[in-house]
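Visitor: I work at the bench and would like to look at a protein model with you. Could you walk me through the reasoning behind the labels?

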Amino acid sequence: MKLSFLYVGLLAAASASPLAIIDELKVDCDANIMYKLISFFETNNPDYDARQCSRSSESGFSAGIVNFSTRYGDALAVIEQIESDSNYNGQFDDMKPALERYAESSSSSTSGISEFCEQWVAVADSKVDFLGHQINVLNKKYYEPAYEYISDMNLEYALTKTVLFDTAIAHGAGSGSSSLGGLIKKTNSKFTKDTGGPSGSTIKVGDYEVDEITWLEKYLDAREELGSSYDKIRIKSYRNLIRDKNYDFDWPARVFDWNDERKDLPCSSVGLSI
């Protein structure tokens, strides 16, 4: 199953049960490695650690598979998601007003939510379908807007789609110059003629036919120009996947961790339990 269709399948699964999302990731290697890479770059752990939680001077509390944060509101989105779970026991009810204020004001304050990590772990250790709910939020907040670009550009390869999904998480999915839409616009402006390349997949960029991986290399250049230390290991890893010609994750993804050490991420069900 290609990721262009998988997204629809994941949302359909999510509407039925978060556990159905986990079942999808267990059988589809494109998606399995894509989500594993996203989690790995955010947490340095490829095994979907829904339980992890830590204090961050920049983000307030950061927790879960992609470090959902109290500052930027995606941790609150996870909490709102689990409120519909019959196994949820209201661990965050007392903190909810403060969490809403901090999300609204983009505040990294932890006043009034000092027990956030304790309660996050308590939910993870309960019968709540915590991993499935987190992936559901990840889809809705980040993959859904990224998918609009993916669909419009008719992208074929899992690697290109993963890079755009990752950009939405790291830089936002809007149209600003440093966000996903702005970076796509900047990349597209680099092409003034038909441009071939190694991938065998051609996409339409304005009036021109452009090789998808050639386009991706220019996109990574544009992202690198942002100068974000946050992106260094990601971009190095993506370039390594291009060198390996592992465009569709047909074998383990050779990437680099936060210590710049190489890791091989296979398609597997490790970590896919609730």
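Guide: Gladly! Let us start with one cut-off: a residue is called buried when its relative accessible area is under 20%, exposed when that area is over 50%, and partly exposed in between. Please keep in mind that this is a predicted model.

Visitor: Why is serine 59 called buried or exposed, whichever applies?

Guide: Serine 59 has a relative accessible area of 10%. The cut-off for buried is under 20%, so serine 59 counts as buried. Serine 59 sits in the loop between β1 (53-56) and β2 (60-63). Leaving out residues up to four places away in sequence, serine 59 touches Ser69, Thr70, Arg71, Tyr72 and Ser108.

Visitor: What makes lysine 127 buried or exposed?

Guide: The relative accessible area of lysine 127 is 69%. Exposed means over 50%, so lysine 127 is exposed. Lysine 127 is placed in the loop between α6 (116-124) and α7. Its C-alpha lies 9.3 Å from that of aspartate 85, and 42 residues separate the two in sequence.

Visitor: Which label does asparagine 44 get, and why?

Guide: Asparagine 44 has a relative accessible area of 25%. Buried needs under 20% and exposed needs over 50%, so asparagine 44 is partly exposed. Asparagine 44 belongs to the loop between α3 (29-43) and β1. Its phi is near 70 degrees, a positive value in a residue other than glycine.

Visitor: Where else is phi positive in a residue other than glycine?

Guide: Lysine 245 has a phi near 55 degrees. Lysine 245 is in the loop between α11 and β6 (253-256). At 52% relative accessibility, against a cut-off of over 50%, lysine 245 is therefore exposed.

Visitor: How do you know whether aspartate 211 is buried or exposed?

Guide: Aspartate 211 comes out at 4% relative accessibility, and under 20% is what the label asks for, so aspartate 211 is buried. Aspartate 211 is part of strand β5 (residues 208-211). Beyond residues up to four places away in sequence, aspartate 211 touches Thr195, Gly196, Gly197, Pro198, Ser199, Gly200 and Ser201. From aspartate 211 to threonine 195 the C-alpha distance is 6.2 Å, with the two 16 residues apart in sequence.

Visitor: What about aspartate 231, buried or exposed?

Guide: Aspartate 231 has 1% relative accessibility. Set against the cut-off of under 20%, that value means aspartate 231 counts as buried. Aspartate 231 is found in the loop between α10 (212-224) and α11. Apart from residues up to four places away in sequence, aspartate 231 touches Ala170, His171 and Arg223. The C-alpha atoms of aspartate 231 and aspartate 166 are separated by 10.0 Å, with their positions 65 residues apart along the chain.

Visitor: How are helices α8 and α11 oriented, and why is that word used?

Guide: Helix α8 (residues 158-171) and helix α11 (residues 232-243) have axes that cross at roughly 175 degrees and come within 11 Å. Angles over 145 degrees count as roughly antiparallel, so α8 is roughly antiparallel to α11. On the α8 side, Leu159, Thr162, Val163, Asp166 and Ala170 make the contact, and on the α11 side Arg234, Tyr238, Leu241 and Ile242 do. These residues divide into 6 nonpolar, 1 polar and 2 charged.

Visitor: Why is tyrosine 88 called buried or exposed, whichever fits?

Guide: Tyrosine 88 is at 12% relative accessibility, and the limit is under 20%, so tyrosine 88 is buried. Tyrosine 88 lies in the loop between α4 (74-82) and α5 (96-105). Not counting residues up to four places away in sequence, tyrosine 88 touches Ile79, Ile82, Glu83, Asp93, Val123 and Val128. The C-alpha of valine 128 is 5.9 Å from that of tyrosine 88, and the two are 40 residues apart in sequence.

Visitor: Which residues touch the most other members of the largest nonpolar core?

Guide: Phe116 and Trp215 do, in a core of 75 residues. Helix α7 (residues 130-153) supplies the largest share of this core, 11 residues. Setting aside neighbours within four places in sequence, the contacts of phenylalanine 116 include Cys53, Phe61, Phe92 and Leu99.

Visitor: And how much of the whole chain is buried?

Guide: Buried residues make up 53% of the 274 residues in the protein chain. The chain has 11 helices and 7 strands.

How values were computed. Residues numbered from 1 in each chain as written. Predicted model: local features only at pLDDT ≥ 70, side-chain atom pairs only at ≥ 80, totals over all residues. Heavy atoms only, no water. Axes fitted to C-alpha atoms, helices over the stretch in contact; angles between N-to-C directions. Helix = DSSP H or I, 4+ residues; strand = E, 2+ residues; numbered from the N terminus. Parallel < 35°, antiparallel > 145°, perpendicular 65-115°, else oblique. Contact = heavy atoms within 4.5 Å. Nonpolar A, V, L, I, M, F, W, Y, C, P; charged D, E, K, R; others polar. Buried < 20%, exposed > 50% of the residue type's maximum accessible area, 1.4 Å probe, protein only. Core = buried A, V, L, I, M, F, W, Y, C linked by side-chain atoms within 4.5 Å.
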